[in-house]
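Thank you for making time this morning. I would like to walk you slowly through one structure, and I ask that you keep it in view while I speak.

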Amino acid sequence: MKKAAKGSYGYIRYQKKKRILITAVMFLIPLVIFFTGYMQTGTRKNLFTFVAIMGCLPASKCAVSMIMICLQKPMGEKLYQNISGHVRDMTAIYEATVSSYEKNMNFPCIVISGLNVVCYCEDEKVDAAFAQQHIKKILQGNRLRANVKVFHDLKHFLERVDEMYDHREEWEASVSYEPDERYPDLSRNELVKEIILAICL
């Protein structure tokens, strides 16, 4: 199972395998404890049963996490190859599921350059205006201005990414930025990426 970092291509597939495995092990431990106690005492009324029941609590928490990631749609390889060819060396997040109190929103790709944050969303049901405002609000809460745009049309998204790449040096140079004391080694683009990742599943 090849490890994939959060925000990189392959993250959802990796997390699905990882969380399913962890959940299975977490439920297996209480079962082993229960049957060990039953075989030794011949009854369910023993301390082993109590320990097994308590062990189901963290296992259940793992199960919820597993279900949440299993509901997410991984990015297709063809789509990744297409988008990454336009993104090139710009700061990007892949397979991002941005969470809010109201809903979760899946973005195969988010590209960051200067004040611009552009997101591609395949799901037409996702309210672009709501998503834009939500991400913008989170960034503003961390004292970062941003022009957030969500695209449902891949062609328009890629055209915007190409435009950002062509102007990346001048646009990024025009933005004043003082390193955040929490992340002193990160550039502005990298800091925006970390903040968005913090609200992703």
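I will begin with the chain as a whole, then turn to the sheet, the helices that pack on it, and finally some aromatic rings.

Please bear in mind that this is a predicted model, in which local features need pLDDT of at least 70 and side-chain atom pairs count only at pLDDT 80 or more, while totals for chains, interfaces and linings use all residues. Residues are numbered from 1 along each chain as its sequence is written, and side-chain values use heavy atoms, with hydrogens and water left out.

The protein chain has six helices and four strands, where helices (H or I, at least four residues) and strands (E, at least two) are DSSP runs numbered from the N terminus. Read from that terminus, the elements follow the order α-α-α-β-β-β-α-β-α-α. The radius of gyration of the protein chain, at 22 Å, is well over the 17 Å that the globule rule gives for 201 residues, so the chain is more spread out than a compact globule; this radius is taken over C-alpha atoms, and the rule is 2.2 Å times the number of residues to the power 0.38. Along the principal axes, the C-alpha atoms fill a box of roughly 75 × 40 × 30 Å. Of the 201 residues, 39% count as buried, meaning under 20% relative accessible area, with exposed being over 50% and partly exposed in between (1.4 Å probe, protein chains only).

How, then, are the four strands ordered in the sheet? The sheet is open, with the order β1-β2-β3-β4 and mixed pairing, and two strands pair if DSSP finds at least two bridges between them. At the edges stand β1 (91–99) and β4 (147–151), each with a single partner strand, so one side of each is left without a neighbour in the sheet. From one strand to the next, the twist averages 25°; axes here are lines fitted to C-alpha atoms, for helices over the stretch in contact, and angles run from 0 to 180 degrees between N-to-C directions.

β1 runs antiparallel to β2 (residues 104–113), with eight bridges joining them, and a hairpin connects the two through four residues. Within this pair, T91 stands opposite I112 and I93 stands opposite I110. β2 also pairs with β3 in the antiparallel sense, over five bridges, and in their hairpin, which has two residues between the strands, G114 takes a positive phi near 60°. β2 is mostly covered, since nine of its 10 residues are buried.

Several helices meet this sheet. Helix α3 (residues 77–87) lies across β1, β2 and β3 (116–120), at about 130° to β1, whereas helix α4 (residues 128–141) lies across β1, β2, β3 and β4, at about 150° to β4. In helix α6 (residues 188–198), the buried residues include L191, V192 and I195, and the buried residues of α6 pack against β1, β2, β3, α4 and α5 (154–173), contact meaning heavy atoms within 4.5 Å.

Lastly, the aromatic rings. Rings of Phe, Tyr and Trp (its six-membered ring) pair if their centres lie within 6.5 Å, and planes under 30 degrees apart count as stacked, over 60 as edge-to-face and the rest as tilted; by this rule the count comes to six pairs. The rings of F34 and Y38 have centres 6.3 Å apart and planes at 20°, so the pair is stacked. Both sit in helix α1 (residues 11–41), where, being four residues apart, they are separated by about one helical turn. Elsewhere, Y9, Y80 and Y94 form one aromatic cluster.
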